[in-house]
Amino acid sequence: MRASASSTSSRSKPNYARRRAVSLILVHVLFGIHIAHWKLHGTTLAPLELNELMYTLELGILTAGFLFMLTAVLATMFFGRFFCSWGCHILALQDLCSWLLGKIGVKPKPVRARFLLWVPLLAVIHMFVWPQISRLREGQPLPSLHWNTDVQGWASFLTDDFWRNLPPVWVALMTFAVVGFGVVYFLGSRSFCTYGCPYGTLFGWADRLAPGRIRVQDNCKQCGECTAACTSHIQVHKEFAEFGTVVNPACLKDLDCIAACPNDAAYYGFGNPSLASAMGPSKRFRVPFDYSWPEEILMAVVMLATVFIFRGLYNVGPFLMTLGLGAIFAFVTITTLRLFTKPNVRFSKWVLRKGGHLQRAGLVFALLSALTFAFSTHSAVIRYHEYKGWAAVAELENASDEMVSRVAAINAWQHLETADRYGLLHPIELQTGLLRLAAMLGKPADVRHYATIVSAHLWDQAPQLAELGGYRAAAGDVAGGVRDLRRALELEPNAEPIRVELERVLAVQQQQQALH
Ligand code: SF4
Ligand code: SF4
């Protein structure tokens, strides 16, 4: 421990919470300026998104986002895990949610489950490691790192496709709602950082090597104020007593413990990294877990099932959102089960069951849980048909035999049409696939139906419009076919195949008009 510095105790402490709020607001302002620049100029700096790491690993292209991630990790290896609490927009949402809930008197109880601790590591393997293993198993070489321009398909630095790896805006907002608010409400403050974020795992590893840490002087009174202030749920005073520093890699260096210490004993400083202070997680201090082993196993099953069902459902379902949903559904499942097996059950400030009697809040919780289950079951059925349908489409594309390809087309049509008929959303990719299948199977009414829907989405894509025009004309909607082909030719005036097809369809139209 460092010797007590009496001069520090007399100094007033900076308001770290306010400084952090300013920093996080600035992150959002910069994000807004970046989007505005793209909208106004058409070309802008490639997105500084951490998920660009995935694409660098997959394509070998060194992007601005990858270099940003690399810089953040290297900085963490020296200064500690500051990025998460001073620069991450998901953390900003989580802390905002905790703050808003605090304003209405709700303090979410942190959930402690063994299996949840493994989720971020599994996410890292799924996102970054497994694709490389798959590539090697298929005999493909690892990509070589290189710079790229937009003309080559994916820019390193300047791009006119800023949104290239981001989901549609409404999906992004839903993701923020789930991982920024839902997870916090059900599982406690910063629970997505601890139980879901794969990038957090990488930063946590880097943090273990960092000499810059939260440390304590020898005037610590072990009062526990630092632990009470820590929204990452670290047993700060116990780690101080054991190691003289916070060794838990979940420490996000928000400096709240320093601000809360009445004796000015906690400080940020340099010394031994946590790896040298405490070997392995077993030495960290944790309060006991909340669930029995059977409950943990059931939660893990629910979480996995949720990820399988919702990942890619309706051609959306981003991975991080499904992780958040999985954690919430796992918690809801066990709490519902306990409603019927335990005499006393609470959730947040609600008493759900007391002395073996279900309370009104418990009934509402059970009903909402049943609705969630019904929604998940419906989604599972749709996901099943999507999966089988697209698998049949892949079979169709690889079929060399006409009979095999017709069977695959019928199979694909049945599954995808069911997904479209009963699904809550109707993605354009699904409807385009159904259009092609309808044309292949000779279903003119269905071709006309899907062509009408799809054409509005393809209004600026010449090859797809030309294909659509051909299908329409063949299905009897010659005027619609002419319209699509003319538009395709407007977009690509030099495309000879489109011109030839337009002339052919125009000739058919003239013949029909002559007959009438
Ligand atoms: S708040 Fe300060 S004095 Fe109290 S336990 Fe934490 S470091 Fe020690
Ligand atoms: S230990 Fe201190 S700096 Fe680290 S997360 Fe907790 S309050 Fe913040």
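This passage walks through the domains, a helix pair and the ligand surroundings of a predicted model. Local features need pLDDT of at least 70 and side-chain atom pairs count only at pLDDT 80 or more, while totals for chains, interfaces and linings use all residues. Residues are numbered from 1 along each chain as its sequence is written, with chains lettered from A and ligands numbered from 1 in the order in which they are written.

The chain is assigned domain 1 (1-290) and domain 2 (429-516), with bounds from an automatic or database domain assignment. Their centres, taken over C-alpha atoms, are 50 Å apart.

Helix 17 (residues 360-398) and helix 18 (residues 402-422) have axes that come within 8 Å and cross at roughly 155 degrees. Helix 17 is therefore roughly antiparallel to helix 18 (angles over 145 degrees count as such). Axes here are lines fitted to C-alpha atoms over the stretch in contact, and angles run from 0 to 180 degrees between N-to-C directions. Helices are DSSP runs (H or I, at least four residues), numbered from the N terminus.

Turning to the ligands, 16 residues surround ligand 1, and C220, C223, C226, H237 and C261 come nearest (a residue is near if its C-beta atom, placed from the backbone, lies within 6 Å). Helix 11 (225-229) and helix 12 (236-243) each supply at least two residues of this shell, and the largest share, three residues, comes from helix 12.

Around ligand 2 there are 14 residues, of which C230, S232, C251, D256 and C257 come nearest.

How values were computed. Angles under 35 degrees count as roughly parallel, over 145 as roughly antiparallel, 65 to 115 as roughly perpendicular and the rest as oblique.
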